[in-house]
Every structure is written in structure tokens, then in C-alpha cells.
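User: Could you walk me through this one? I'd like to hear about the helices, the pockets and the aromatic contacts.

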Amino acid sequence: TTMANRTIEELEAETAVLQARIKRMHSDSSHYYASQDAVICEKDFAKLPSEGNSARHCLRMVADHHELDCNERLNTSSYVNVFFEAEEKDVLLRGAQINLADQTVYPESFKVHNIVLNMVANLWHCPKPADFDEYGAFAGAGTVGSTEACLLGGLCLKFRWRKWYAKKHNLTEAQVRAVYPNLVISTCFQAAWEKLFRYMDIEPKFVVPSKGTFTVTAEEVKAQVDEKTIGVVAIMGNHYGGQYDPVWEIDEMLTKLNKEKGWQVGIHVDAASGGFVAPFQENLPAWDFRLPNVLSISASGHKFGESVCGTGWVVWRQRQDLSDNVAISVSYLGGKADSYTLNFSRPASGVFVQYYKFHRLGFSGYKAMSDNRMANAKYLRDALKKMTFNGKPHFVLLDAGDTHCLPVVAAYLNPDLNLPYDDIDLQHVMMGFHWYVSGYKMCFNDPADETSRPLFKDAKPSQTMFRVVVKANITRPMMDHLITSMNSALESMNALGMGFKSLHEPKKHLLGRTGAC
């Protein structure tokens, strides 16, 4: 009766579905490049597929997309670690199965988190808090990269300042919320801070450095600080050139200024890149919790901490009046636990890999890796110094040199040569040799109005530059290839002369390179 009541159209539709399933089953068992998956257009993936696919075919589909990307090991624009041992990958996958937010169900995994947190805090010379035995850990948290760590550090400074300001001016909670606080920071800030300014209602007060140093001075910072300043951000390794802000000098200045004005302005050290470099460099002045005004430090575990992408750390000097401002008590998962992060559910992968790396390398291993990176950076820097054109240096070096900085080589093409190409052109040509060397202009987007402004006080915003981040995965033979490739790129552009400009200027215009930052 049921069959009799069904229309021919319904039966034809069901037959079509069955035929598609049979075809899919046949395709799943065949060689990937002999299957229908090899001829499906991307536009056909706009909707969820009606039928599933085999695991190996799905893997191949993802792999094909990956093949079209730049080789991640040859991407010198990124600070993110991309090399993992086989055992490390196993650790990563184990962590992917654990929701670290569920501390009561996965107590041992969270214990690993606290062990790593304590290692990081001790590496940065954080004084042991009075409540350490109660919590079994320093005040801090593993985060989703240093962006979340910066946001948490900034929020704690804001809430700390709000209580102080309300008490000083006898304001109610509602009244103090109407006051617009500010944060003093270099224009060489990373994108995380733009999020803080825009999302958390904090005014940026910028210190504009010189292109000769890329760093702020204590006096320049002092000129920006007022009673509405929640704190000063000192950058340990800016991402443009790898230089360290003089945290030690800023700390000394704030000690005197706070005493004179009756303020309590503290420092957040943005050590996104330098947090796992500076501790292994000798004869560097104190930059961490050894300085009394340093209230918090953030870092990316996935950069020179050598963990997996999405790993970050924030450590506070103490819980009282700092991390307590962002602590959330969670009980609905069973038991009771405090959460210090903006994001709740998160995999344990980053924490697990960081634990693996700390034990795999130890202090001596991290130092050896840091020394190797700096040595290879010097090797490239020395090679750039030797490159000439028409008897003049081809490049002007911008980075801090061979010591007390990140393993970064930053430079720009010598303006005295009046070359018909710029550093962004060099980036494009270098891609033909498989290397990605990032070129960009000396400008930044102001978070207040998104207008393009000069990055330095003594350089035009249209001036271009480039940088090479020397990570651990770049060995000396690879560096030799990079240097040879750069020489070849320069030779080809110089041979074309003005013809290079006429050939590539229209393409640059289409890519928005003529006016964009």
C-alpha cells in the first residue's frame, strides 16, 4: 500500500540518492586521483555534502589545499614555531581531546598546566606569592596566544586603576566607569593592543620612537603618563625589528614619578617574542619581575617558546588587586575552579606541548637554540652588509645588531641608490625562490580612527622596509640559500632597471600597495 501511494517522482529521487551512494562507495575505494573528488569544483563545496567520504580522501583534500600555501619553514615573516618531532605531535593530539577548562574532570591535565605556569613564572623571576600553597601555582594562566594574555593583562591594569581612581576622587562605581582611562605604549605595538583599545574602552597614548632605535625612552613615556594612566606597556622585542624597550629605565622613572605624584602606575611587559629569548641572553639588564613596577608579563608560547600555534602565557606579580580582577568561579562542570581566561573551552594541546618542550630542551637546550638563532641572524646580517650596488651599500640595517635583541634582521633598500623598486617588490621577487620575506611600510593604523599614521617620528610612512625572523628551523645551509636567493633577486631587478618599475607598478597598484599601510 505504501509503495502504491508513492509517486514516480519520489521513487526517482530515492533511486538517484541510492545511485549517488553507490557511486560514492565506489569512489571511496578507488585511488584518490581516479575518483570524482579530484574533479569536484570548489564552488560545489558551498553546502555540507549530502554523503560522507573516506578518511584518506578527506586527508588528501586538506593536503591539496596545504600544498598551495607557502612552505611554512620558509616563511620568515612569522614568529610562530612550525617544527614538531613525532613524539611532540602525539602529545599535541592527546591534548586536543582534553577541554582544559574542565579542571575537575581533568585534574591531572590542569596540574600539567600549573606545572608549566610555575616554570614560566620562575623563568621570569616572579616572587612567590603568599597564597602559593593555597593555589599550588603562581598567579597566571595559559592563554590562546599572547593576544588573550595581553587583553587579560590590560584588563587587570584597568580594574586596578579604577579602584584607585574612585577612592582618590571619592567616586561611586557608576561615576568612575564614566572616566576614560589610558594606556601608554609604543607605536610599534602588536595587533593585540588594538583589540584592547577598541573592545575595552581604553585610550592609547602613543610614544613614537625613532627609526634609529625602534624603542621608547623613559622620558618620552613620562611625558604621556597622567593620573588616568592605567599602566605602561614595555615591549620586549617589537615585531618590526626585534628591539627591546628599556624596561629597567622605565621602571626607575615610574618609581620616582609615582612617589612624586602619589600615583601607582605599573608596567605590563609585552614579551610576546622576547619572553623566551631574553632569559637565555647573558648580561641583559633586569626586565622582568625583578623590577618592582612590573605587575604582569605576557608571552607567546608558540613563538620562541617553541610550542604549538595558539599557546600563550600571562603571569601576574600577585592575585590581590591584579589577577583577582578577572577570576571567574566555575562550578557547573562539577566541583569548583577559577578561570582566568577570556576564552573558556580550549584544548590542552598548547600546554601539553609546552610541557614537552620544557622537559625536552631544558634551560641549556633553550639557550643553545637561542644562541643558534642569533648566530644565524648575524650570518645573514653580515651578508647583507657585504651586498653593494654601484659601489654603495645595497641596504641600510635597522635592527639592534647581534646581541640583546630578538633573532631578527631588519633593513631597507638604500635610498641613496634611487632604485626603481622597493622592499615590497623584493618580497614578491623572493617568493619566486620559495622564500617569504615580508616587506611593509613604516606606518600603522591608529585604533581611534583607523587612519594611517607614521610608525616613526623621523621616517615617512611611505618608506618601506623588510624583516627576516630567524627561527630555529632555519639552519645554516638554508640561510646560505636565502642569501643566494636574495643576491639573485637583486641581480634580476637591477638588470631590469626602470623596466622593473614599468612592468610591476600596475600590479602593485591593483594590489593596493601604492597607498595602503
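Analyst: Sure, and one definition to start: the bend at a residue is the angle between two axes, one fitted to the seven residues ending there and one to the seven starting there. Keep in mind that this is a predicted model.

User: Where is the kink in α12 centred?

Analyst: Start with the length: α12 covers residues 349-386, and a straight helix of 38 residues would span 56 Å. The end C-alpha atoms of α12 are only 44 Å apart. There's a kink of about 85° in this helix, and its centre is Gly-362.

User: How far apart are the C-alpha centres of domain 1 and domain 2?

Analyst: The domain assignment gives domain 1 as 16-68, domain 2 as 91-129 + 140-357, and domain 3 as 369-504. Between the C-alpha centres of domain 1 and domain 2, the distance is 46 Å.

User: Which domains does the largest pocket lie between?

Analyst: That pocket holds about 590 Å³ of space. Its lining counts 31 residues, with Phe-189, Gln-190, Ala-191, His-239 and Tyr-240 nearest the centre. Residues from two domains contribute to the lining, so the pocket sits between them: domain 2 and domain 3.

User: Which element gives the largest share of that pocket's lining?

Analyst: By class, the lining of the largest pocket splits into 14 nonpolar, 11 polar and 6 charged residues. Elements supplying at least two residues each are α7 (145-168), α9 (191-199), β14 (438-441) and β15 (443-445). The largest share is 4 residues, and it comes from α9.

User: How many residues of the second largest cavity's lining come from α7?

Analyst: The count is 4 cavities of 30 Å³ or more, and the second largest has about 50 Å³ of space. Its lining includes Arg-160, Trp-161, Trp-164, Asp-226 and Glu-227. Two elements give two or more residues to this lining, α7 and β4 (229-235). The largest share is from α7, at 3 residues.

User: And by class, how many residues lining the second largest cavity are charged?

Analyst: Thr-229, Ile-230, Trp-263, Gln-264 and Val-265 are also among the residues lining the second largest cavity. The lining divides into 5 nonpolar and 2 polar residues, and the charged ones number 3.

User: How many residues apart in sequence are the parts that Trp-124 and Phe-276 tie together?

Analyst: The whole structure has 20 aromatic pairs. In the pair of Trp-124 and Phe-276, the ring centres are 6.0 Å apart and the planes are at 45°, so it's tilted. Trp-124 is in the loop between α5 (107-123) and α6 (132-135), while Phe-276 is in the loop between β5 (266-270) and β6 (294-300), so the pair ties together parts whose separation in sequence is 152 residues.

Terms used
Residues are numbered from 1 along each chain as its sequence is written. This is a predicted model: local features need pLDDT of at least 70, side-chain atom pairs count only at pLDDT 80 or more; totals for chains, interfaces and linings use all residues. Side-chain values use heavy atoms; hydrogens and water are left out. The expected span of a helix is 1.5 Å times one less than its number of residues. Domain bounds come from an automatic or database domain assignment. On a 1 Å grid over the protein atoms alone, a cavity is a set of points where a 1.4 Å probe fits but cannot get out, and a pocket is an open set with protein on both sides within 12 Å along at least five of seven lines; lining residues have an atom within 4 Å of a point. Grid points are joined across faces, edges and corners, and a volume is the space filled by probe spheres set on the points. Ala, Val, Leu, Ile, Met, Phe, Trp, Tyr, Cys and Pro count as nonpolar, Asp, Glu, Lys and Arg as charged, and the others, Gly among them, as polar. Rings of Phe, Tyr and Trp (its six-membered ring) pair if their centres lie within 6.5 Å; planes under 30 degrees apart count as stacked, over 60 as edge-to-face and the rest as tilted.
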